[in-house]
Each structure stands twice: as C-alpha cells, then as structure tokens.
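Below is a brief report on one chain. It covers the cysteine links, the fold, an aromatic pair and a surface patch.

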Amino acid sequence: MKTLKKRLVKRSLAVVMTVVLAWLIAAPAFAADEETEGSFCKRALNKCIAEAIISGLLSWGATIVLFATFCLVGYDFCVKYVDESL
C-alpha cells in the first residue's frame, strides 16, 4: 500500500512540475504577443527578450546573457536605422 501511495505522489508531482515548466516557458511569449502599444522596435525587443528567456530556461541559463545581448544590439540598430523610416 505504501508503494502505491509513493507512486501516486511521484506521478502527481511529475504532472504538476511539467505543467509549471510549460507555463514558465510559454508565459513570456504570450506576454510579448499581447502588447500592442509602443514602437515597432520596442515590440521586437520584447519578443526577442521573451525568446531569450525561453532559451535560457531550456539551457539552464547558459545562453540567456548571449541571447539578450543580441536582442539589445538588434534594438539599437532598429532605433537608429529602421524606426525612422516607419
């Protein structure tokens, strides 16, 4: 009987952890998609940062700094050259 309870607890914990991980991965992308205000560059930066967070979660934080740096460089380029023409 104790082994049955242990299995049930382990499976329940695994399901809860899977749901929480899926929520953590998907939440930044949904938050970036819902934002409609702001300039084109700001929306692109928000989406890029959301992808950086997802990438960081999937790689245990190893790539988040590099990815976020590319996002900031792209945002700087967009502000200087793209946003003026839109």
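## Inner disulfide

Cys48 and Cys71 are both buried. The model is predicted. A disulfide joins these two cysteines, Cys48 and Cys71, with an S to S distance of 1.9 Å. The torsion about the S-S bond is -80 degrees, and the link of Cys48 and Cys71 is left-handed. Distant parts of the chain are linked by this pair: Cys48 sits in helix 2, Cys71 sits in helix 3, and they are 23 residues apart.

## Second disulfide and pairing

The chain has two disulfides. The other joins Cys41 and Cys78, whose sulfur atoms are 1.9 Å apart. For the link of Cys41 and Cys78, the angle about the S-S bond is -80 degrees, which is left-handed. Cys41 belongs to helix 2 and Cys78 to helix 3, so the pair ties together parts 37 residues apart in sequence.

Are Cys41 and Cys78 buried or exposed? Cys41 has a relative accessibility of 1% and counts as buried. Cys78 has a relative accessible area of 8% and is buried. The cut-off for buried is under 20%. With the bonded cysteines numbered in sequence order, the pairing reads 1-4, 2-3.

## Fold and surface

The chain holds three helices and zero strands. From the N terminus on, the order of elements is α-α-α. Helix 2 covers 40-58 and helix 3 covers 64-82.

How much of the chain is buried? Of its 86 residues, 15% are buried. The accessible surface comes to about 7,000 Å². Carbon and sulfur atoms account for 70% of that surface. Consider next the contacts with a separation of 6 or more: 44% of them are between residues 24 or more positions apart.

## Aromatic pair in helix 3

The count of aromatic pairs is one. Phe77 and Tyr81 have ring centres 5.1 Å apart and planes at 45 degrees, so the pair is tilted. The reasoning rests on the angle: under 30 degrees would count as stacked, and over 60 as edge-to-face.

Where do the two rings sit along the chain? Both Phe77 and Tyr81 lie in helix 3. They are four residues apart, about one turn of the helix. Phe77 is partly exposed, at 48% relative accessible area. Tyr81 counts as exposed, at 55% relative accessibility. The cut-off for exposed is over 50%, so 48% falls in the partly exposed class and 55% in the exposed class.

## Nonpolar patch

Which residues make the nonpolar surface patch? Ile53, Leu57, Ile64 and Val65 do, over about 300 Å². Helix 2 and helix 3 each supply at least two residues of this patch.

One of the patch residues, Ile53, lies in helix 2. Ile53 is partly exposed, with 33% relative accessible area. A patch residue needs over 30% relative accessible area, so a value of 33% passes that cut-off.

## Helix 2 and helix 3 together

Several features bring these two helices together. The disulfide of Cys41 and Cys78 runs from helix 2 to helix 3. The disulfide of Cys48 and Cys71 also has one end in helix 2 and the other in helix 3. The nonpolar patch draws at least two residues from each of these helices. The aromatic pair, Phe77 and Tyr81, lies within helix 3.

Conventions. Residues numbered from 1 in each chain as written. Predicted model: local features only at pLDDT ≥ 70, side-chain atom pairs only at ≥ 80, totals over all residues. Heavy atoms only, no water. Patch = residues over 30% accessible without salt bridge, like charges linked within 9 Å, V, L, I, M, F, W, Y side chains within 5 Å. Areas by Shrake-Rupley, 256 points an atom, 1.4 Å probe, with all protein chains shown as cover. Salt bridge = Lys/Arg side-chain N within 4 Å of Asp/Glu carboxyl O. Buried < 20%, exposed > 50% of the residue type's maximum accessible area, 1.4 Å probe, protein only. Phe/Tyr/Trp six-rings, centres within 6.5 Å; stacked < 30°, edge-to-face > 60°. Disulfide = S-S within 2.5 Å. Contact = heavy atoms within 4.5 Å.
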